[in-house]
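User: Please take one part of this model and look at it closely. Start with the main pocket, then follow the chain outward from there.

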Amino acid sequence: MRRPTQLLLEAVHDVARLAGDIALRHFRSALTVDTKADGSPVTVADREAERAARSWIEKRFPHDGILGEEFGADRADAARRWIIDPIDGTKSFVRGVPLWGTLIAIAAGEEILAGAAYYPAVDEMLAAARGTGCWWNDSRCAVSQISAVSDATVLTTDERFDRTPWLREPWGRLASRAAVARSWGDCFGYLMVATGRAEVMVDGVLGPWDLACFAPIIEEAGGVITDARGGRTAFGGSGLATNLALGLTVRDILIDRAARSATALPTAEIRGSDA
């Protein structure tokens, strides 16, 4: 008999693939791009993919709540809810750049039970649930063991940090010390960290649908994930994922100790070093 965690792992995997494949049908096609109230773009691909995910969930988990980027919340008081981002990286998507993905998470309160991130344009899938390990295209994956910033690859979505200017100067210091600094951003950066192809991914502004699935993915891959102030939450409005070896070092560079949130990870839980 399959364990409940295994069932959730399979469920997020299946929903992510279903919705992502629907979005992929529209990739590099002529699309009308609308602008949402927050200034971000949205297309028929986003809407169709989220509708498909919602339909799948409602048929199989009718008592669960759903929070989606495009259509908001249903059954918000449910004990368990699904969190959907049909296309994370829509700006890349509409420009024909393949660094976008479909993100699915299952949460009980603020605890993320399982998450999947599917990258249809490059045919890569990440999925994890608590205690199952992190799976990358059906094989186990792990973060890198690099322990020196000078050897690290560090990533962000937008190095201007217009909405979080307090990160701009610390990011510059981190990037100047790193071996490689790139903007392989949005969800793609978290894929790189989880699979050991980069050591750091930082985002100044995120919605819960942007980060929730990566909580189990990064941790089950052996890494550390917090918000950009060091809080151990997927709902802090920002994101910072690292391998374990650089977890403390990177947070010391990026985060003013006085500005760290009350939910920050204790130092003992992020052991790191820098040569």
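Analyst: **The largest pocket and its surroundings**

The largest pocket has a volume of about 1,100 Å³. Volume here is the space filled by probe spheres set on grid points, which are joined across faces, edges and corners. The model is predicted: local features need pLDDT of at least 70 and side-chain atom pairs count only at pLDDT 80 or more, while totals for chains, interfaces and linings use all residues. Numbering starts from 1 along each chain as its sequence is written, and side-chain values use heavy atoms, without hydrogens or water.

A pocket is an open set of points on a 1 Å grid over the protein atoms alone, where a 1.4 Å probe fits, with protein on both sides within 12 Å along at least five of seven lines; lining residues have an atom within 4 Å of a point. Here the lining holds 35 residues. Nearest the centre lie Lys91, Thr157, Arg163, Asp186 and Val205. The lining divides into 10 nonpolar, 12 polar and 13 charged residues. Ala, Val, Leu, Ile, Met, Phe, Trp, Tyr, Cys and Pro count as nonpolar, Asp, Glu, Lys and Arg as charged, and the others, Gly among them, as polar.

Four elements each supply at least two lining residues: β5 (81-88), α3 (90-94), β13 (200-203) and α6 (208-211). Helices are DSSP runs of H or I with at least four residues, strands are E runs of at least two, and both are numbered from the N terminus.

Helix α3 carries serine 92. Its relative accessible area of 16% makes serine 92 buried (buried is under 20%, exposed over 50%, partly exposed in between, with a 1.4 Å probe and protein chains only). Beyond its neighbours within four places in sequence, serine 92 is in contact with Val97, Leu99 and Asp186 (contact means heavy atoms within 4.5 Å). Asp186 is also among the residues nearest the pocket centre.

Next comes cysteine 187, which is buried at 0% relative accessible area. Its sulfur is 7.9 Å from the closest cysteine sulfur, in cysteine 213, so the pair is too far apart for a bond. The structure holds 0 disulfides (pairs of cysteine sulfur atoms within 2.5 Å). Cysteine 141 is in none either: the nearest cysteine sulfur, that of cysteine 134, is 3.5 Å away. Cysteine 141 is buried, at 11% relative accessibility.

Now the packing. The largest nonpolar core has 35 residues, and Ala117, Tyr119, Leu126, Phe214 and Ile217 touch the most other members. Such a core is a set of buried Ala, Val, Leu, Ile, Met, Phe, Trp, Tyr and Cys residues joined through side-chain atoms within 4.5 Å. Two or more residues come from each of β6 (101-108), β7 (111-119), β8 (124-129), α5 (187-194) and α7 (214-220). The largest share, 7 residues, is from α5. Alanine 117 contacts Thr102, Leu103, Glu124, Met125, Leu126, Cys213, Phe214 and Ile217, leaving aside neighbours within four places in sequence. A second, separate core has 30 residues, including Leu8, Ala23, Trp100 and Ile104.

Last, a loop. Asparagine 137 sits between β9 (134-136) and β10 (139-140). Its phi is positive, about 50 degrees, although it is not a glycine. Asparagine 137 is partly exposed, at 37%. Aspartate 138 lies in the loop between β9 and β10 too. Its phi is near 75 degrees, again positive in a residue other than glycine. At 62% relative accessibility, aspartate 138 is exposed.
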